[in-house]
Every structure is written in structure tokens, then in C-alpha cells.
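Q: Please take a close look at a single part of this model. Which contacts do its side chains make, and how does that part sit within the rest of the chain?

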Amino acid sequence: MTMPLYLEAENWIRNVFSAKAVGRGGVIHRATRDIERYAGRVAFMREVHRRGFTLVENGDQMVVFCNRDPVRLLLNRDPPKLSQRAWPTRPDTCDERSASRRF
């Protein structure tokens, strides 16, 4: 069975970033498993980086802030230990293995 055209990686990413919220500088979110299934984590991160947006992962969701404004964490309950903190990953320096690692 072939995959529908709208689920191919390039088309899926194009559809995600054609949302009205993107054009308004808002926020979009997608399930991490969907990103990994349809586009691949690295390809998605590259597109976010290319657009100059900020990407945050929380639980099983990835949240994209579709503007170039700074993102501040206002309240951090139960901060993780230093060894568990996630560090920013640049899409041009990561591969599938390191991009899928969870901290």
C-alpha cells in the first residue's frame, strides 16, 4: 500500500507550516510520534531552524513558537537535576540517533 501524497515528509511539513497560526506568529504543536513518523525529527528541526522559530519539546508534544521573540520559562516546578536537563540541539549538527535521545 502506498502512502498518500499529503503524508509524504515534504508535503506533511508544508501542511504543518501552512497553518494560520504560523502566519500570525502564533504557536503550533504536534505529537512527537507524528513528527517522527511523517517527517522525521531532524527534518522537522531543520525546517523550524530555517524559519528562525523556536522549538520546545514537552512530554509527547513538540511546540513551535512561530516568531523570533525570546521564550522565557516563567515557572519551573521540580527542576530536573543537571544531568537530566535537555540542551538545545542544532539541526545541522545532529543525526537521527542523537536527535531522538530523551534527557
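A: The side chain of Arg41 makes a polar contact with the side chain of Glu57, at 3.1 Å. The model is a predicted one. Arg41 belongs to helix H4, which covers residues 41-51, and that helix is the part examined here.

Arg41 has a second acidic partner to consider, Glu36. The side chains of Glu36 and Arg41 meet in a salt bridge, with N and O 2.7 Å apart. Side chains of opposite charge can pair when their charged atoms come close. The two partners differ in burial: Arg41 counts as buried because its relative accessible area is 4%, under the 20% cut-off. Glu36, with a relative accessible area of 35%, is partly exposed. The contact with Glu57 leads to strand E2, which spans residues 54-58.

Further along H4, Glu47 takes part in two salt bridges, and each is described in turn. One is with Arg50, where the closest N and O atoms are 2.8 Å apart. Glu47 and Arg50 are three residues apart in helix H4, so about one helical turn separates them. Glu47 is buried, at 13% relative accessibility, whereas Arg50 is exposed, at 57%. The other salt bridge joins the side chains of Glu47 and Arg51, at 2.6 Å from N to O. Arg51 and Glu47 both lie in H4, four residues apart, which is about one turn of the helix. Arg51 is partly exposed, with a relative accessible area of 26%. Elsewhere, salt bridges that share partners join Arg33, Asp34 and Arg37 into one network. A search of the whole structure finds seven salt bridges.

The two charged residues Arg41 and Glu47 appear among the buried residues of H4, together with Val42, Phe44, Met45 and Val48. Just after the helix, Gly52 takes a positive phi of about 80 degrees.

H4 also has a part in covering another helix. In helix H1, residues 9-16, the buried residues are Trp12, Ile13 and Val16. These three lie on the same side of H1, because they cover an arc of only 95 degrees around the axis. The cover over the buried residues of H1 includes H4, along with helix H2 (20-23), strand E1 (27-31) and helix H3 (32-38).

Past Gly52, the chain enters the strands. Strand E2 is joined by five bridges to strand E3, residues 61-65, and the two run antiparallel. Leu55 stands opposite Val64 in E3. E2 and E3 form a hairpin with two residues between them, and in the turn Gly59 has a positive phi of about 60 degrees.

Thr54, a residue of E2, gives a link back to the helix. Setting aside residues up to four places away in sequence, Thr54 touches Val48, Val63, Val64, Phe65, Asn67, Asp69 and Val71. Val48 in that list is one of the buried residues of H4. Thr54 itself is partly exposed, at 27% relative accessibility. For one of its other contacts, Val71, the separation in sequence is 17 residues, while the C-alpha atoms are 7.9 Å apart in space.

Finally, the setting of H4 in the whole chain. The protein has five helices and three strands, and read along the sequence they follow the pattern α-α-β-α-α-β-β-α. Of its 103 residues, 27% count as buried. Among contacts with a separation of 6 or more, residues 24 or more positions apart account for 58%. The accessible surface comes to about 7,900 Å², and 52% of that belongs to carbon and sulfur atoms.

Taken together, Arg41 in H4 is a buried residue with a salt bridge to Glu36 and a polar contact to Glu57. Glu47, also buried, forms salt bridges with Arg50 and Arg51.

Methods:
Residues are numbered from 1 along each chain as its sequence is written. This is a predicted model: local features need pLDDT of at least 70, side-chain atom pairs count only at pLDDT 80 or more; totals for chains, interfaces and linings use all residues. Side-chain values use heavy atoms; hydrogens and water are left out. Buried means under 20% relative accessible area, exposed over 50%, partly exposed in between (1.4 Å probe, protein chains only). A polar contact is a pair of N or O atoms within 3.5 Å; within protein, one must be able to donate a hydrogen and the other to accept it, and residues adjacent in sequence count only if both atoms are side-chain atoms. Contact means heavy atoms within 4.5 Å. Accessible areas come from the Shrake-Rupley method with a 1.4 Å probe; for residues, only the protein chains shown count as cover. A salt bridge is a side-chain nitrogen of Lys or Arg within 4 Å of a carboxyl oxygen of Asp or Glu. The arc is that of the directions from the helix axis to the C-beta atoms. Two strands pair if DSSP finds at least two bridges between them.
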